[in-house]
Each structure stands twice: as C-alpha cells, then as structure tokens.
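Let us walk through this structure one step at a time. Keep the sequence at hand as you read.

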Amino acid sequence: MSISSSPPADPASETAPLTVLWQDEHMVAVYKPAGWLVHRTGLDAQETRFVMQALRDQLGRHVWPVHRLDKGTCGVLVMGLHRQAAQALAKSFAGHATRKEYLAVVRGWLPDTLEVDHPLKPDDAPQDAVVQEAHTTLHCLARLSWPESYDPRHPQTRLSLVQALPTTGRRHQIRRHLKHVAHPIIGDATHGKGPLNRWWAERLGQQRLWLHAKALEIPHPATGERMRFEADWSALPQVPEVQDWQQLLQLPQWQPCGTAMPLSWPQ
C-alpha cells in the first residue's frame, strides 16, 4: 500500500513569488516553502533558495529576519520591513510574547496530551554547556495504523498527527522534544531514525520532514495589537507541498485521538 506522490516540481515554481499572507508598512508574513533556507548560511553552501533574498527582490525593499524555520519546515514566517519593527518583533520572540502552533507527523501513537519540560543545550554545544529551559505542549489530533509492518514484532505501523505548542524557542526544540519522548518526526534526518524514514518515504511518496508551522500569534511591532497569521492549506493551492499533506491527511485510516474534535482536513 502506498499513496501517490506529487508530480515533479515545475521548474517555474523555483522562481514563483513567495506567498504573502499579510503585509503592512511595518511587517510581512509569508509562507515559507519546505526546502528553503530563511537566509544564506555557510552550513548549506549548495542551497540556492533563500526566503530573505527572494522576498527582498519580490517586494523591492529590504527585509529583516526576526526568527527562523528549519530548511525542511514549511509554514508561517514573519519579517520586519524596517529596523525598528524588526527589533520589536525580535523582542516579542525573546520575551515569549508569541504563540506558535505546529503540526507534525510522528512515529507511534502519542498520548492524548503530553507536557515536555526538558532542558536543552544549544546545538553543537560542548559537554559542559549550560542547559536552557525548554517546554512544549503536545496534543494528539489523530492516529493511524498502516497495514504493513516495519517492525516484525508488530503487525502494523503507527503514526500520530500532533499539534505542538512550544512556549520557549530553542533551536530544533520540537524535533528534539519529540525525539526525547520516543516519537520522532517522520523524515527528521537529524533527530529521527534513518531506516524508518526511508521506509515511510517509500510509502508516502515523499522524502521530507513532516513538520508544518501552522500559525503564529505576535504583537504588532507598532501598535501592540495581537496579530494571528495562519498557513491555511485550503487557501494555498499554489503551494507545492499542500498536495503532499492533503494526500497524507486524507487517508481513511486516521482516527481522532481521545476527546479531539472530528478532524476537518484541507480540501
């Protein structure tokens, strides 16, 4: 059993405009595609797709990054449109005045709700580095039993669709916390399991990180008004990975977790 993979990406999509979710004279919220870096980095010198540079060219003005999403993560990303706005936005992130909501597809069946209070060291930090507070609330939205066995000890293979709500902003926090509770994100090459990732990639038709930055709430940098930006798949038919997520989430085997509301998948 497998789901059909998306058709090969149209080369034109590499130069298509980024999807702007909201914009005023102070800030802009965009949809970051999977596979794009937020800005240039020597750690991935071969990459050619950068949100910061593409958005600058698209808007015809300088933009300031204030937070980041991993290369494999898709979803909501905000940037400042002048230095003062960027400083205010960055202060909101540093002061935990934001609310971030992610969706992830993970190994196994997650409990209905799980609070992960597990301090983390910065990536690549020395052994004696001080750990930093890190907290994530996890809610299981749905569970799936795939009718093939990856592990011979079990007749089926399980997945969970998880809502992750981080209250701190450590690098790779959601990925590392899900690994900590033995439910790594499918497709996570760094914090997951390679053989299992490849097994799922054959069945899902995609070798990718199944992590989506669904929504972000943040005070407006000029007015302080609480703003909410959401990457609603039903309103983003032009985004390449929307079809990938739709195909996965529309599998009939998904069942809501516990007291979770019946799921309404993107159409």
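Start with one pair of residues: Val20 sits across from Val30 of strand S2. This is a predicted model, so treat each position as computed. Val20 and Val30 belong to a wider pairing. Strand S1, residues 19-23, runs antiparallel to S2, and four bridges link the two. How does the chain get from S1 to S2? A hairpin of three residues makes the connection.

S2 has another partner. Strand S4, residues 74-80, also pairs with S2 in the antiparallel sense, here over six bridges. Find Val28 in S2, then look across to S4: its bridge partner there is Met79.

Now ask about cover. How many residues of S2 are buried? S2 spans residues 27-32, and six of its six residues are buried. In a regular strand, side chains alternate between the two faces of the sheet. Take the faces of S2 in turn. Met27, Ala29 and Tyr31 lie on one side, and Val28, Val30 and Lys32 lie on the other. Both faces are covered, and every one of these residues is buried.

Move on to helix H4, residues 194-204. Its buried residues are Leu196, Asn197, Trp199, Trp200, Ala201, Arg203 and Leu204. An α-helix has 3.6 residues a turn, so residues three or four places apart point the same way. What do the buried residues of H4 pack against? Their neighbours are strands S5 (99-107), S7 (135-146) and S8 (157-166), together with helix H5 (242-249).

Finish just past the end of H4. There, Gly205 adopts a positive phi of about 80 degrees.

Conventions:
Residues numbered from 1 in each chain as written. Predicted model: local features only at pLDDT ≥ 70, side-chain atom pairs only at ≥ 80, totals over all residues. Heavy atoms only, no water. Buried < 20%, exposed > 50% of the residue type's maximum accessible area, 1.4 Å probe, protein only. Pairing = 2+ DSSP bridges. Contact = heavy atoms within 4.5 Å.
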